[in-house]
Structures are given as structure tokens and as C-alpha cells.
Amino acid sequence: MMKLTFIGSGCWQGIPAPFGDDEISKKVEWGSKDFRFRTSLHVETENAKSIILEATPDIRLQSWKFKLKKPDAIIISHWHWDHLFGLLDLDWFVSKNPLVVYGNSVTKDWYDKRMGHIKVDFQVFKSYKSFQIDNIKITPLEVNHVDKTDGFLLEDMNTGKKMAYLSDLHGIPERTNQLIKNSDLVITDATYLASYINDDPTHLQKDQIVPFLEKLSANEIILTNIGSYQGMTHDDFEKKFSQYTIAYDGMERQSS
Ligand SMILES: [Zn+2]
């Protein structure tokens, strides 16, 4: 069994945006599908181990809203603050509770320089070198975003189900493409699904996203990292991109 819960589905600033005066931020209500913490995923294993993908700046409220127990591991894809800097909020928690954090070597450098006083057990992984937590085999996957970013292939060793999590990207190397082929589920980046920002080459842009998705072979594709600057509600996204699933906070999937 592998139970996934989206505990965040928003872009780097979440929805509502800080002091947001855009149409989506002005109308959004707590608990609606348009209210989005920063993207992260909770994974519950066969023996109820608790894994969190990404330490977002919303981790305190995410843990409360979704009634998460103390995590057995936090796994971080890259050093951007919306994925890593939630660890700063765990200072007091970590002083009372051991915490294992997995990340790549560049993420470890950022952790050491900016929050090394928070004494976690930091395990450095390498791309394509798998490790296992309970029944879940986790393989970090190189993705093209910033130096250096990993997605993750999660495989339920009891059921054989495969889920790929590729949150921030502007493309993937062929080796990653081969490994995620025929996944049951791929979760990927919709930061600029409906709008284009010329000066940000680190994510796929509007006209590049659908061609990228069409090349993936997965039973289900879930789009995450949604921002209010796109000017569309969750319902708008569902109507316009009906061939894909649009993530929302609290959405669940289970392999069993
Ligand atoms: Zn990023």
C-alpha cells in the first residue's frame, strides 16, 4: 500500500498570494480547491510510515490541517526556498524529535549554510541511486530545472505500482524519461500552464507543457504548482485541460 495525499498544490507563492490583489487571491476561501499551500506530497507506507516530499514554508499549517503524524522522513527535490526553507520552522520540533531529511548534495550545501544549526540527520542521495523506506523504493531522478534538481520515482514493492513526482522542471533527461515510462501516475509541473513569463526559463512555459505531457506514458497525469497569476480557478483549469487531473490540496491516491 502507498497512500498519497497532496498537502499542497500551489506554486512558489501559494494561493492566495501574499497581499494578493489578483482576482483569484481576492475571492479564494480557506478550504476551497483554489486555496493552495506550496506543492508537497504526503506518502503513507504499508506499515504507516510517514514521508513528506518537500519542506515548504507552509509545513506547520500543512501538518495541522492534514493531521500528519511526526514524519519518518522528509525528502527534498532541490534547494529552492519553497521546497527547503520549511525546515526553519521545525527548529524547536527538531530539538525534541529526531528527523531524517534526504536531499542531493547541492540541497545539503544550502542546508549547511542557511540552517545547519537545525540538527537533522541529513542523508545525501545521488540521482538514480535508489533507497527504500518500508515498502516504498525511492529513486531520485535528474530533472532539468536549476542546479541541481531531482524528481522521484516511488515504487510500491508489494503491488508493483509506480508513481513519478516531478515538481519543478523545464524538461527531463532521456534516462529519467525511460525510468518513468508506463508509470501508474505522473505528478508534474503546471507553474505556467495558462500564462507565460519570458524571463523564467527554469519551468516549462505555456506552449511547451502540453507537448511535454503528450510524450509521457502514464495512466494518469496530475498537474500541480498552480498560481493565482494564471487568472484561472480550479474549475477553469479542469474545463480547459480536461484530459489531465488538476491537483488540489487534500486530493488522495492509493496503490493497493
Ligand atoms: Zn524550483
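Is His145 buried or exposed? In this predicted model, the relative accessibility of His145 comes to 8%, so the residue counts as buried, the cut-off being under 20%. His145 doesn't belong to a strand or helix; its place is the loop that runs between β8 (136-143) and β9 (149-156).

As for the company His145 keeps, two side-chain polar contacts turn up. One goes to the side chain of His78, at 3.3 Å, and another, also listed at 3.3 Å, goes to the side chain of Asp168. Once neighbours within four places in sequence are set aside, the contacts of His145 include three other histidines, namely His80, His170 and His203, along with Leu169 and Thr202. His78 and Asp168, the two polar partners, appear among those contacts as well.

Next comes Tyr165, which sits in strand β10 (residues 162-166). With a relative accessible area of 1%, Tyr165 falls under the 20% cut-off and is therefore buried. The side chain of Tyr165 has a polar partner too: a contact of 2.7 Å links it to the side chain of Glu54. Leaving out neighbours within four places in sequence, Tyr165 touches Thr39, Leu41, Leu53 and Glu54, and also Gly151, Phe152 and Ile187. Of these, Gly151 and Phe152 fall within the residue range of β9 (149-156). Asp150 lies 15 residues from Tyr165 in sequence, and the C-alpha atoms of the pair are 9.2 Å apart in space.

Zooming out to the whole chain, the secondary structure adds up to eight helices and 14 strands. The radius of gyration is 17 Å, close to the 18 Å given by the globule rule for 256 residues, so the chain is as compact as a globular protein of that length. Along the principal axes, the C-alpha atoms take up a box of roughly 45 × 40 × 35 Å.

Burial and long-range packing can be put in numbers as well. Of the 256 residues in the chain, 58% are buried. Among contacts with a separation of 6 or more, 61% come from residues 24 or more positions apart.

That leaves the surface and the charges. The chain has an accessible surface of about 11500 Å², and carbon and sulfur atoms account for 48% of that area. As for charge, the chain carries 30 positive and 36 negative charges, and the mean positions of the two sets are 4 Å apart.

Notes: Residues numbered from 1 in each chain as written. Predicted model: local features only at pLDDT ≥ 70, side-chain atom pairs only at ≥ 80, totals over all residues. Heavy atoms only, no water. Helix = DSSP H or I, 4+ residues; strand = E, 2+ residues; numbered from the N terminus. Buried < 20%, exposed > 50% of the residue type's maximum accessible area, 1.4 Å probe, protein only. Polar contact = N/O pair within 3.5 Å; in protein donor to acceptor, adjacent residues only side chain to side chain. Contact = heavy atoms within 4.5 Å. Rg over C-alpha atoms; globule rule 2.2 N^0.38 Å. Areas by Shrake-Rupley, 256 points an atom, 1.4 Å probe, with all protein chains shown as cover. Lys, Arg positive; Asp, Glu negative; His and termini not counted. Charge placed at Lys NZ, Arg CZ, Asp CG, Glu CD.
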